[in-house]
Structure formats: structure tokens, C-alpha cells
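Welcome, and please get your viewer ready. We will go from stop to stop, with something to select at each one.

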Amino acid sequence: MENYEIIQTIGKGSFGQVSKVRRKTDGKLLVWKEIEYGDMNEREKQQLVAEVNILRELRHPNIVRYYDRLIDKINSKIYIVMEYCEGGDMSGVIKKCKRDRDFLPEEIIWKIFMQIALALHECHKRKDGKILHRDLKPANIFLDSNMNVKLGDFGLSRMMGQESEFAKTHVGTPYYMSPEQITDSRYNEKSDIWSLGCLLYEFASLSPPFEALNAGALAVKIRSGKVEKLPSRYSEELQRVVNWMLSIDSNLRPSVEDLLNLPQVSLRIREKK
Ligand SMILES: CN(C)CCCNS(=O)(=O)c1cccc(Nc2nc(OCC3CCCCC3)c3[nH]cnc3n2)c1
């Protein structure tokens, strides 16, 4: 820990304190996320080690970069040091748009969508076992200083999956839960696609596709398959892609490759180069 200086605490993640830190060697601004492993059983500890090792391998311009891990045995805490994203997260951007009654331009939405799809592709295409995000939501999408989008908290969300007791500390309504997760809590890469559909819908409508006062009512709406149309300012293509990803039957949903091959996405990927 002596190699870093804590600048400020920026919040409480789903698994612990998140602080902005400065690396003493070069003054680089970073973030560390603190995980308390004191009351974890052997299996959970194994899983945490496995997740952190996955994080270390993920190297992609649209995935929050993992830098280091520090273990504080005395307080049974592990600190995951990651890239600091100056622009904060997309839930902040959406709140601001709502407050200013200002929709995101369609061009921006496609650019953000393309980058998240590229990040997901990096994870789904991995040979030895796909990494499923399991927790795609605006608060997990970060922006760096030049409007690059970074997918955050990869892998660790499996640690916080519904099955482990850590999930109970999970606050908030699972707006982005897919139909298959509700019925038989099966999670596969098509569930990430469902969540990506909810994300795209929310970037355009500034509200999630399914809202309810409690998880039960939410489950009914999610399984109803009824989705409000996007604001008319957005194109038919955008509406079609959202509807495609929000197919109740996960087999009917696009794969990440299908999404990357969409004309609106593939032309922007070529532009990027
Ligand atoms: C939900 N949001 C609206 C909360 C406010 C968002 N603003 S903020 O937190 O102060 C803020 C302002 C500017 C830049 C950054 N950069 C940043 N934040 C991370 O996590 C945020 C944290 C996650 C857990 C819950 C609390 C917030 C990162 N994780 C990896 N790299 C990160 N870079 C954050």
C-alpha cells in the first residue's frame, strides 16, 4: 500500500470501498477497489483469486485496465488497482441528460455501443472459458478523458453472482435481469446481450426498458416482452437492434459478432482505424 497515496474515496462499490489513488513512482492517477475476504470460505477465496487472474489477462482499449493487486493480510483485504476514468460512469451522463432534458445524439449512442460490443467480444471470444460480465449497467460503463468507453468491474461480478451471499449486499433493483435469469437463473453470453439491449435502450430513452417498484413486478414486465418504442428522433435501425437484443428467447438474440457486423457498427469500426 505504501506505493500508493489515497487521494479520496469515491464511493462504495457492490463489494467494498472505491478510492482514487496516486501511484508514488510516477504520480499516475488510479482507482483501487477494496475487497474484504475475512468472512469468505475457501471456495469463495478460490473464486476471488480466479476472477482477479482473469482481470489481469484482460487487455483491451474498451475494458478498464487492471494494474495491480495488493493484499493486506492483517485486515484480510485485497485491493484491486485499476485505471482511473476521468469521465466517470454512464449513469452520471444519463442523469445529466435527463436533468438538462437533452437526449444523446444517435451518433454518440452508436459510438458508445460499438465500444461496449468490442469489449464484450474480447471477453466472449476467449478460448478457455468465456468471461460473462453478468452486471452490464450504466454505472459499470466508464468514460476516459477522450470519450473512450471502458467496461468496468469485469469478472468480479461473478464473485457477486446471485448465488453467493455477497449478492445480498447487492443494492438496487436488477433492471437488466434477463428472462432466463428469472426463470431458471441460467446465465449465458446471450444474457449479456439482453443487458446490452437494456443499455442501448436506456442510452436512447434515458430510462431502463423495464421499471417496477419491486423485483416481482419487474419480473412480470421483463417476461411480458413489451418494450416502449424509442423516442421518434432515433432511427428505425436503432429500434430494430434494441428489439432484436431484447428477444425473450435467448436463441433469437444476436451474438456479439452479429452486432459487430451491423452496418452502423462495422462502418464505425473501420472509421476508427
Ligand atoms: C454511480 N455514479 C453516478 C457514481 C458517481 C460517479 N462519479 S465518481 O465515482 O465520483 C467518479 C467521477 C469521475 C471519475 C471516476 N472514475 C472512475 N470511477 C470508478 O468507479 C466509480 C465508483 C464505482 C462504485 C460505486 C461508486 C463509484 C472506476 N472504476 C474503475 N475505474 C474507475 N474510474 C469516478
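In which sense do strand 3 and strand 5 pair, and over how many bridges? Select strand 3 and strand 5 (residues 77-83): they pair in the antiparallel sense, over 7 bridges. Strands and helices here are DSSP runs numbered from the N terminus, a strand being E of at least two residues and a helix H or I of at least four. Two strands count as paired if DSSP finds at least two bridges between them.

A word on the ground rules before moving on. This is a predicted model, in which local features need pLDDT of at least 70 and side-chain atom pairs count only at pLDDT 80 or more, while totals for chains, interfaces and linings use all residues. Residues are numbered from 1 along each chain as its sequence is written, and side-chain values use heavy atoms, with hydrogens and water left out.

**The whole chain**

Zoom out for a moment. The chain has 11 helices and 7 strands. Of its 273 residues, 52% count as buried, where buried means under 20% relative accessible area, exposed over 50%, and partly exposed in between (1.4 Å probe, protein chains only). Turn on the surface if you like: about 13,600 Å² is accessible, and 51% of that belongs to carbon and sulfur atoms. These areas come from the Shrake-Rupley method with a 1.4 Å probe, and for residues only the protein chains shown count as cover. Among contacts (heavy atoms within 4.5 Å) with a separation of 6 or more, 63% are between residues 24 or more positions apart.

**Strand 3 and its neighbours**

Go back to strand 3, residues 29-36, where 6 of the 8 residues are buried. Now pick L30: its bridge partner in strand 5 is E83. On another side of the pairing, add strand 2 (residues 17-23), which joins strand 3 in the antiparallel sense over 5 bridges. Click V18 and then K33, its bridge partner in strand 3. Strand 2 and strand 3 form a hairpin with 5 residues between the strands, and G27 takes a positive phi near 75° there. As you look along the strands, remember that in a regular strand the side chains alternate between the two faces of the sheet.

Next, select strand 4 (residues 66-72). Strand 4 runs antiparallel to strand 5, and 6 bridges join the two. D68 is a good residue to click, as its bridge partner in strand 5 is V81. This pair is also a hairpin, with 4 residues between the strands, and S76 in the turn has a positive phi of about 45°.

**The ligand**

Now show the ligand and the 17 residues around it, of which K33, E83, C85, D89 and F142 come nearest. A residue belongs here if one of its heavy atoms lies within 4 Å of the ligand. You have already met two of these residues: K33 as the partner of V18 and E83 as the partner of L30.

Which polar contacts can you draw? The term covers a pair of N or O atoms within 3.5 Å; within protein, one must be able to donate a hydrogen and the other to accept it, and residues adjacent in sequence count only if both atoms are side-chain atoms. Try these distances:

- K33: a polar side-chain atom lies 3.0 Å from a nitrogen atom of the ligand.
- C85: a polar backbone atom is 2.8 Å from a nitrogen atom of the ligand.
- D89: a polar side-chain atom lies 2.6 Å from a nitrogen atom of the ligand.

On its own the ligand has 670 Å² of accessible area, and the protein covers 74% of it. Colour the shell by element: strand 1 (4-12), strand 3 and helix 2 (90-99) each supply at least two residues, and strand 1 gives the most, with 3.

**Three single residues**

Select Q115 in helix 3 (residues 106-124). Is Q115 buried or exposed? Q115 counts as buried because its relative accessibility is 7%. Its side chain reaches the backbone nitrogen of V149 at 2.8 Å. Leaving out residues up to four places away in sequence, Q115 touches N62, M147, N148 and V149.

Move to P254, in the loop between helix 9 (236-245) and helix 10 (256-260). With 0% relative accessibility, P254 counts as buried. Beyond four places in sequence, P254 touches K190, I193, W244, M245 and L259.

Finish at V220 in helix 8 (residues 215-224), which is exposed, with a relative accessible area of 54%.
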